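Open the model in your viewer and keep the selection panel at hand. The tour starts at the ligand and then moves outward, one selection at a time.

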Amino acid sequence: MRRRAVVIGGGFGGLRVAQRLARYADHEALDVVLIDQSPYHCLRPKLPQALGARIACAVHVPLSALLASSRVRLLTKQVTGIDPAAHRISWEDGALEADVLVLALGGEPCIPPGMAEDPSVLLPVWGFDQTCGIRRRVRFLTDAARRGRAVNLDVVVIGGGFVGVEVAAELQGRLTRISHGDRRASVTLVEAQERVLPRLSAWAGRAAARRLAAGGVHLSLGTEVLHVRAGGVALADGRRLDAGTVIWAGGRIQAPGLAATSGLVDETGRIPVMDTLAMARDADIFALGDCAYSVERGADASEPSAHRAEAQADIVAQNVLARLRHRPLIPYRPGPNIYVMGLGPRYGILEVERLRTAGLAPALFKELVILRHLLEAGGVAALRGAASRVVLDELQPARWDSPPLPEGVVHATQVSGRHGE
Ligand SMILES: Cc1cc2nc3c(=O)[nH]c(=O)nc-3n(C[C@H](O)[C@H](O)[C@H](O)COP(=O)(O)OP(=O)(O)OC[C@H]3O[C@@H](n4cnc5c(N)ncnc54)[C@H](O)[C@@H]3O)c2cc1C
């Protein structure tokens, strides 16, 4: 009798689990189904460069292309319900039952309640749409300012972790480029701790702060943001920072609402799993990547990381097969945290335990990691198509920032997002 493994989420973790399992489709009489709400696999680590308009905004690759030569059945559906007891997954016009269920739903930023009266003024850089929206907004405001309109070009980025640091560096680089040195255009990075990159070593924090300051980013450290309103943010130390754009890169992440409405998360907002990455209540349901955390290690130890999601995917694939073969499950043993981030063109920071380096090499290393990911996920064909868009474009940064728009088309651009956006 054929059995069915259903993987929800075609991101860094889920795509890899599905591809690993599909290798055993014949041998194990296994149907592997991958469901994602998007037809694309999003390369999230490239979003900051897309925000900075150093590369095309489309930092994603069609899942169908990545799965073309595999035995994975792809369904482009937004899952709206998971019944864990029945292993039943449903969406608007259909449903499916699974023998083994793998949840790789990713995460979403958890913005503290009350932080913004109007949540739409607080912009996260999490997905492709959000990133492209902010990119267009910055361009629109810059063009409007050039025409003498009273707009605020300043940007506040909330959160000095690795996403906030990358985003601030990229945005400042772009503002400097397109505002032609307009002094009004600056980025302020606000971090509640006394230094940026508080989860990394003091060395990494200093290296990032130096690089950001050299690029023109203002740092506001040791004070929290109390609330955000249209036009700026209020800080706990009584100051107010005026800004036309406020970006959220702070706080913790949680599993998407689907996991909560399906009763899968605990008070951390993520799905608790054992060290085998199976849920304690059902060894045929696995969860990995950003949506899950290990109850043995605690939510704090499970930082969002593409590298971690991929490493977990290898264990989940082995454990799904173990369940089908009635064998014992193996534990996931996390390796050292690998931190590698890019802070604008040709500069990165890498920290793996005591190995620390900054400069060109980490920036190149980050690109190589993405290339390796594409190669493993989709072979040479995927690499050829995507690499020119998401990596090589960085070598010619001006290409994605067109000259200022003629008077009269600014509003059209805001809507359509054309003209190099
Ligand atoms: C700006 C930014 C920069 C980053 N930079 C780095 C970096 O440099 N290095 C690094 O290691 N990590 C980085 N990360 C973190 C990394 O991208 C994530 O940790 C990684 O993508 C997690 O993989 P995942 O499989 O858990 O989730 P994801 O890759 O997010 O995939 C989740 C998938 O689930 C799908 N999905 C969700 N809900 C549903 C539903 N209801 N129905 C169907 N499908 C659904 C989504 O469409 C998505 O495709 C960065 C993240 C961000 C936001």
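Begin by selecting the ligand together with its surroundings in this predicted model: the shell holds 35 residues, and the closest are G9, G11, R44, G106 and G289. If you colour the shell by residue class, you will find 20 nonpolar, 12 polar and three charged residues around the ligand. Switching to a cartoon, pick out α1 (12-22), β2 (30-36), α2 (47-51) and α8 (306-324), since each of these elements supplies at least two residues of that shell.

Next, colour by domain, with domain 1 covering 3-37 + 77-109 + 253-335 and domain 2 covering 119-251 + 341-416 in the domain assignment. The centres of the two domains, taken over C-alpha atoms, are separated by 31 Å. Where does the ligand lie with respect to domain 1 and domain 2? Both domains give residues to the shell around the ligand, so the ligand lies between them.

Now select residues 79-97 to look at an open sheet of three strands, ordered β6-β7-β8 and paired in the antiparallel sense. Its edge strands are β6 (79-83) and β8 (94-97), each of which pairs on one side only, and neighbouring strands of this sheet are turned by 20° against each other on average, with direction ignored. Between β6 and strand β7 (residues 88-91) there are four bridges, and if you zoom in on D83 you can locate its bridge partner in β7, R88.

Move on to residues 338-359, where another open sheet has three strands in the order β24-β25-β26, again with antiparallel pairing. Here β24 (338-342) and β26 (355-359) stand at the edges with a single partner strand each, so one side of each is left without a neighbour in the sheet. Neighbouring strands of this sheet are turned by 5° against each other on average, direction ignored. Five bridges link β24 to strand β25 (residues 348-352), and G342 has G348 of β25 as its bridge partner. Add helix α6 (residues 202-215) to the selection: the helix packs on this sheet, touching β25 and β26, and its direction makes about 175° with that of β25.

Finally, colour the chain by confidence, which averages a pLDDT of 90, with 90% of the residues scoring at least 70. Select residues 405-421, over which pLDDT stays under 50 and for which the model has 23 contacts beyond four places in sequence. Where pLDDT is low, predicted coordinates should not be read in detail.

Methods: Residues numbered from 1 in each chain as written. Predicted model: local features only at pLDDT ≥ 70, side-chain atom pairs only at ≥ 80, totals over all residues. pLDDT = per-residue confidence, 0-100. Contact = placed C-beta atoms within 7 Å. Domains from an automatic or database assignment. Near = placed C-beta within 6 Å. Nonpolar A, V, L, I, M, F, W, Y, C, P; charged D, E, K, R; others polar. Pairing = 2+ DSSP bridges. Axes fitted to C-alpha atoms, helices over the stretch in contact; angles between N-to-C directions.
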